[in-house]
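Visitor: I should like to learn how to read empty space and chain contacts in a model. Might we work through an example together?

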Protein chains: 2
Amino acid sequence: MQTSEPGLRERKRAETRDKLETAAVTLALRDGVEHATLDAICEAADVSTRTFFNYFDSKEDAILGLKDSAISDEEVSSVLEEHAGADPVELAVRLMFQVLNPSITSSKLLKSRMKIVKQHPELLGRLASQFQRMGEQLTAAIRPVLNSAPGFRDDTPEDFQLSAEVVLALCSGAARAAVKEWATTGNKAPIEAVEERAIALVRKTVERLK
Amino acid sequence: MQTSEPGLRERKRAETRDKLETAAVTLALRDGVEHATLDAICEAADVSTRTFFNYFDSKEDAILGLKDSAISDEEVSSVLEEHAGADPVELAVRLMFQVLNPSITSSKLLKSRMKIVKQHPELLGRLASQFQRMGEQLTAAIRPVLNSAPGFRDDTPEDFQLSAEVVLALCSGAARAAVKEWATTGNKAPIEAVEERAIALVRKTVERLK
DNA sequence: TGCATTCTTGCATGATGTGCATTTTTACGC
DNA sequence: GCGTAAAAATGCACATCATGCAAGAATGCA
């Protein structure tokens with residue numbers, strides 16, 4: 001379980017990935033998302049275009065730094081452990097940000113990415129589809145907590161599944177809104193606060209709609 | 001204000017649109033969404049591929065029958081009028097289904113479309129992006145109602161905008177879930193019930209999370 | 001060193017989508 | 001009907017994205 005020495009192969013892979021992300025972000029910022037072509041990105045990263053798709057599913061994914069739509073069981077467990085006792089909403093949001101980390105919320109590319117998001121908010125749509133693709137994983141992850149919440153417990157499996165999806169949509173929307181707010185308002189708050197902000201947004205909304 | 005005679009031009013346009021939708025749905029059902037190519041669809045519809053894009057933005061849009069991402073002011077007013085006194089949630093959901101009508105919820109293609117959705121649930125992701133693209137319009141539409149709701153009223157404009165987006169995400173997710181449920185469970189309920197179901201889903205979720 | 005695995009690359013291919021100029025079709029006043 | 005203007009359809013060129021496949025290069029490991 002030790003993080004042993006990376007090894008040349010893994011190091012190179014990380015390096016290539018980083019070069020691709022950096023190139024994608026830099027060019028998207030300089031030329032605009034649509035004018036930053038795959039060819040240009042790959043040339044800047046000194047990588048063949050064919051290889052690009054060994055790392056990302058699409059250009060947008062590279063710009064946002066999204067990894068393959070999957071979260072490891074260890075990551076899930078770690079989140080569950082760190083926030084034991086949290087309610088479904090908090091858990092869902094934390095899981096989502098776990099996926100984005102370090103994609104969006106960290107690394108030297110953070111500021112540049114936020115500028116891009118500010119200019120191209122539609123990119124955040126990728127987050128939604130990312131979360132939707134992870135739908136099964138996420139529902140599975142919050143299932144126990146949701147199940148122990150009053151009300152949900154007595155749902156039929158179908159109703160339960162449906163309810164979980166709605167909860168996730170709500171949290172995903174709040175996460176997106178929080179990131180967008182943070183990107184738009186000049187990043188005054190520390191990035192860590194975005195997560196809390198998303199949770200607060202959900203709570204506020206629920207409170208008011210009730 | 002009378003719906004006067006359509007005129008040849010409009011009739012032909014509607015006809016072509018219908019041919020394209022029918023071809024798209026038929027081929028997607030027969031060959032699968034990914035194997036139903038633009039060329040095949042256009043050939044079946046007896047329309048040039050170039051013309052296709054005068055009607056739809058993408059293949060998926062044609063399969064789902066989504067119109068251009070805009071809702072006319074008349075449609076908005078009509079919904080607002082018909083459901084005067086409704087709360088923001090109901091209003092948002094009704095507006096969304098207004099967009100889908102007759103796209104998904106009506107017409108002879110309904111059953112086929114639901115079969116396709118059942119086999120390719122990821123298509124429903126288009127709904128989310130559609131709603132997101134309409135974000136400004138939708139927020140504008142529910143703004144007055146949201147503004148008269150306690151709690152929202154006192155937000156700063158920024159907070160208000162953010163809250164509106166979260167509400168819309170919630171409603172959009174519920175709409176998607178309701179459609180998916182309906183498509184998956186064999187269409188036992190009448191299609192009109194889907195809308196109510198979506199509203200109920202939102203309310204249930206809010207209730208439980210509070 | 002030698003072998004197996006993984007990664008990279010080039011090439012071919014297909015599909016989506018857009019701009020532009022041309023032609024065809026429709027609308028409408030005369 | 002006729003001619004003109006507007007709208008729509010079309011053909012064509014072109015760019016981009018994305019994937020499959022096979023050959024070659026780099027790495028890991030014994």
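Visitor: How much space lies in the largest cavity?

Guide: Rolling a probe the size of a water molecule over the atoms shows where empty space is left. In this predicted model, the largest cavity holds about 30 Å³ of space. The count of cavities of 30 Å³ or more comes to one.

Visitor: Which residues line the largest cavity?

Guide: The lining consists of Ile104(A), Thr105(A), Met114(A), Val179(A), Trp182(A), Ile191(A) and Val194(A). By class, six of the lining residues are nonpolar, one is polar and none is charged.

Visitor: I turn now to the two chains. What area do chain B and chain A bury between them?

Guide: The size of an interface is often given as the accessible area lost when the parts come together. Here chain B and chain A bury about 3100 Å² between them, and 62% of that area is on carbon and sulfur atoms. On the side of chain B, Arg208(B), Leu209(B) and Lys210(B) supply 22% of the area buried against chain A, more than any other three residues. Chain B contributes 31 residues to the contact, and chain A contributes 31 residues.

Visitor: How many salt bridges and polar contacts are counted between the chains?

Guide: Between chain B and chain A there are 10 salt bridges. In one of the salt bridges, Arg197(A) pairs with Asp159(B), and their closest N and O atoms are 3.3 Å apart. Polar contact is counted for 10 residue pairs between the chains, with both residues at pLDDT 80 or more.

Visitor: What turn and shift lay chain B on chain A?

Guide: A turn of 180° with a shift of 0.0 Å along the axis places chain B on chain A with an RMSD of 0.2 Å. Such a relation is that of a two-fold axis. Within chain B, Leu170(B) has the C-alpha nearest the axis, 2.3 Å from it. Both copies use the same surface: 97% of the contact residues of chain B recur in chain A.

Notes. Residues numbered from 1 in each chain as written. Chains lettered and ligands numbered in written order. Predicted model: local features only at pLDDT ≥ 70, side-chain atom pairs only at ≥ 80, totals over all residues. Heavy atoms only, no water. 1 Å grid on protein atoms, 1.4 Å probe; cavity = no way out; pocket = protein on both sides within 12 Å on 5 of 7 lines; lining within 4 Å. Points joined across faces, edges and corners; volume = space filled by probe spheres on them. Nonpolar A, V, L, I, M, F, W, Y, C, P; charged D, E, K, R; others polar. Least-squares fit on C-alpha atoms with pLDDT ≥ 70 in both. Contact = heavy atoms within 4.5 Å. Buried area = accessible area lost by both parts, 1.4 Å probe. Salt bridge = Lys/Arg side-chain N within 4 Å of Asp/Glu carboxyl O. Polar contact = N/O pair within 3.5 Å; in protein donor to acceptor, adjacent residues only side chain to side chain.
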